[in-house]
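Biologist: Could you take me through one part of this model slowly, with its surroundings? I would like a close look at a single strand and whatever packs around it.

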Amino acid sequence: DVQRRERRHVMLSYQWRDQPTVKRINEDLLRRGFLTWFDLTNMKGSTADAMADAVDNAEVMLSCICPAYKESPNCRLECQV
């Protein structure tokens with residue numbers, strides 16, 4: 001889809017412990033007119049497939065890194081896609 005390619009999103013990657021902070025970041029990006037991919041609102045189907053699509057179709061991937069992020073299997077998977 002041409003329009004989807006022209007309007008790519010900011011993919012938010014984070015460890016669940018930081019969800020309240022990342023939720024506020026997502027809301028702020030949306031208010032500023034950015035299209036975002038945030039798991040609470042965009043996750044559908046297979047987790048691995050959804051994350052791979054989110055990364056593949058992102059203009060920017062915003063990774064909120066902390067020690068727990070580096071230890072999380074899901075977060076590590078997102079970085080490997």
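To set the scene, how many helices and strands does the protein have? After that, please stay with strand S1 (residues 9-13).

Modeller: Happy to! The protein has six helices and three strands, and along the sequence they follow the pattern α-β-α-β-α-α-β-α-α. Please keep in mind that this is a predicted model. Its mean pLDDT is 83, with 86% of the residues at 70 or more. Confidence is lowest in helix H1 (residues 2-6), at a mean of 53, and highest in helix H2 (residues 19-31), at 96.

Now to the strand you asked for. The three strands make an open sheet in the order S2-S1-S3, with parallel pairing. The edges are strand S2 (36-37) and strand S3 (58-63), each of which pairs on one side only. On the S3 side, S1 is joined by five bridges, and the two strands run parallel. His9 of S1 stands opposite Ala58 in S3. On the S2 side there are two bridges, again between parallel strands. Met11 is a handy residue to centre your view on: its bridge partner in S3 is Met61, and its bridge partner in S2 is Trp37.

Next, the burial. Buried here means under 20% relative accessible area. Five of the five residues of S1 fall in that class, so the strand is largely enclosed by the rest of the structure. In a regular strand, side chains alternate between the two faces of the sheet. For S1, His9, Met11 and Ser13 are on one side, Val10 and Leu12 are on the other, and both faces are covered. As background, 35% of the 81 residues of the protein count as buried.

Which helices lie against the sheet? H2 packs on it, touching S1, S2 and S3, and the direction of H2 makes about 170° with that of S1. S1, H2 and S2 together make a right-handed β-α-β unit. Helix H4 (residues 47-56) also lies across S1, S2 and S3, running at about 115° to S3.

The side chains of S1 take part in the nonpolar packing too. Val10 and Leu12 belong to the largest nonpolar core, whose seven residues also include Tyr14, Val22, Leu29, Phe38 and Cys64. S1 and H2 are the elements that give two or more residues to this core. Phe38 is worth selecting in your viewer: leaving aside its neighbours within four places in sequence, Phe38 is in contact with Leu12, Tyr14, Val22, Lys23, Asn26 and Met43. Met11, by contrast, belongs to a second, separate core of six residues, which also includes Trp37, Ala50 and Ala58.

Let me finish a little beyond the strand, with the wider chain. Residues 24 or more positions apart account for 66% of the contacts in the protein with a separation of 6 or more. For a pair of residues brought together from distant places in the sequence, look at Tyr69 and Trp16: they are 53 residues apart along the chain, and their C-alpha atoms are separated by 8.5 Å. Tyr69 is found in helix H5 (residues 67-71), and is buried, with a relative accessible area of 3%.

Notes: Residues numbered from 1 in each chain as written. Predicted model: local features only at pLDDT ≥ 70, side-chain atom pairs only at ≥ 80, totals over all residues. Heavy atoms only, no water. pLDDT = per-residue confidence, 0-100. Helix = DSSP H or I, 4+ residues; strand = E, 2+ residues; numbered from the N terminus. Pairing = 2+ DSSP bridges. Contact = heavy atoms within 4.5 Å. Axes fitted to C-alpha atoms, helices over the stretch in contact; angles between N-to-C directions. Core = buried A, V, L, I, M, F, W, Y, C linked by side-chain atoms within 4.5 Å. Buried < 20%, exposed > 50% of the residue type's maximum accessible area, 1.4 Å probe, protein only. Right-handed = clockwise from strand over helix to strand, strands pointing away.
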